[in-house]
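Here are a few exercises to work through at your own pace. Have the viewer open, try each task, and then compare your path with the worked solution.

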Amino acid sequence: MEFLADVNIPQSVISELERNIHNVLDVKSVNRLASDIEVIQIAKQEKRIILTLDKDFIALTQFPKYQVPTIVIRLFDQTPHHILEHLTELLENQKEKTLQKSLTIIKE
């Protein structure tokens with residue numbers, strides 16, 4: 001899958017996704033100071049699923065002009081290992097086509 005990792009996604013999570021044959025564009029490598037709207041615009045242009053810990057994307061992606069596939073990670077324990085555990089479970093159990101059309105929220 002092709003992801004756009006928001007600035008708050010740990011580098012170790014990005015690296016592990018890449019090791020598992022996912023294509024991950026790190027927003028920090030494009031524009032470290034990108035606003036949420038700019039992140040959405042990059043995701044649209046690049047046809048990528050946004051990965052973020054930022055709950056603002058839940059509201060933003062409800063607006064038709066900002067609708068992009070997004071995975072919002074809302075865990076109490078936001079250590080890289082815990083994030084990766086839940087994200088891996090989602091990716092193994094959800095169809096790619098579904099994720100490419102959805103707002104997905106990962107929570108306990």
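**Exercise 1. Work out what share of the chain is buried, and set it beside the overall dimensions.**

Step 1: Take the cut-off for a buried residue, under 20% relative accessible area. In this predicted model, buried residues make up 44% of the 108 residues in the chain.

Step 2: Turn to the surface. The chain exposes about 6,300 Å², and carbon and sulfur atoms supply 51% of that area.

Step 3: Check the dimensions. The C-alpha trace spans about 30 × 25 × 25 Å along its principal axes. For 108 residues, a compact globule would have a radius of gyration near 13 Å, and the chain agrees because its own value is 13 Å.

Step 4: Look at how contacts link the sequence. Of the contacts between residues at least 6 apart in sequence, 51% join residues at least 24 apart.

**Exercise 2. List the secondary structure elements in order.**

Step 1: Count them. The chain has six helices and five strands.

Step 2: Read from the N terminus on. The order is β-α-β-α-α-β-α-β-α-α-β.

**Exercise 3. Trace the pairing of the strands, starting from β1.**

Step 1: Begin with β1 (residues 2-5) and β2 (residues 23-26). Four bridges join these strands, which run parallel, and Leu4 stands opposite Leu25 in β2.

Step 2: Follow the chain between them. The path leaves β1, passes through helix α1 (residues 11-19) and arrives at β2, a β-α-β crossover that is right-handed.

Step 3: Find another partner of β1. Three bridges join β1 to β3 (residues 49-52), again in parallel, with Phe3 opposite Ile49 in β3.

Step 4: Move on from β3. Three bridges connect β3 in parallel to β4, where Thr52 has Val72 as its bridge partner.

Step 5: Finish with β5 (residues 103-107). Five bridges join β4 to β5, and the two run parallel; Ile73 has Ile106 in β5 as its bridge partner.

**Exercise 4. Decide why β4 can be called largely enclosed by the rest of the structure.**

Step 1: Locate the strand. β4 covers residues 70-74.

Step 2: Apply the cut-off from Exercise 1, under 20% relative accessible area. Four of the five residues of β4 are buried, so the strand is largely enclosed by the rest of the structure.

Step 3: Put this beside the pairing. β4 is joined by three bridges to β3 and by five bridges to β5.

Note on methods
Residues numbered from 1 in each chain as written. Predicted model: local features only at pLDDT ≥ 70, side-chain atom pairs only at ≥ 80, totals over all residues. Heavy atoms only, no water. Pairing = 2+ DSSP bridges. Right-handed = clockwise from strand over helix to strand, strands pointing away. Rg over C-alpha atoms; globule rule 2.2 N^0.38 Å. Buried < 20%, exposed > 50% of the residue type's maximum accessible area, 1.4 Å probe, protein only. Contact = heavy atoms within 4.5 Å. Areas by Shrake-Rupley, 256 points an atom, 1.4 Å probe, with all protein chains shown as cover.
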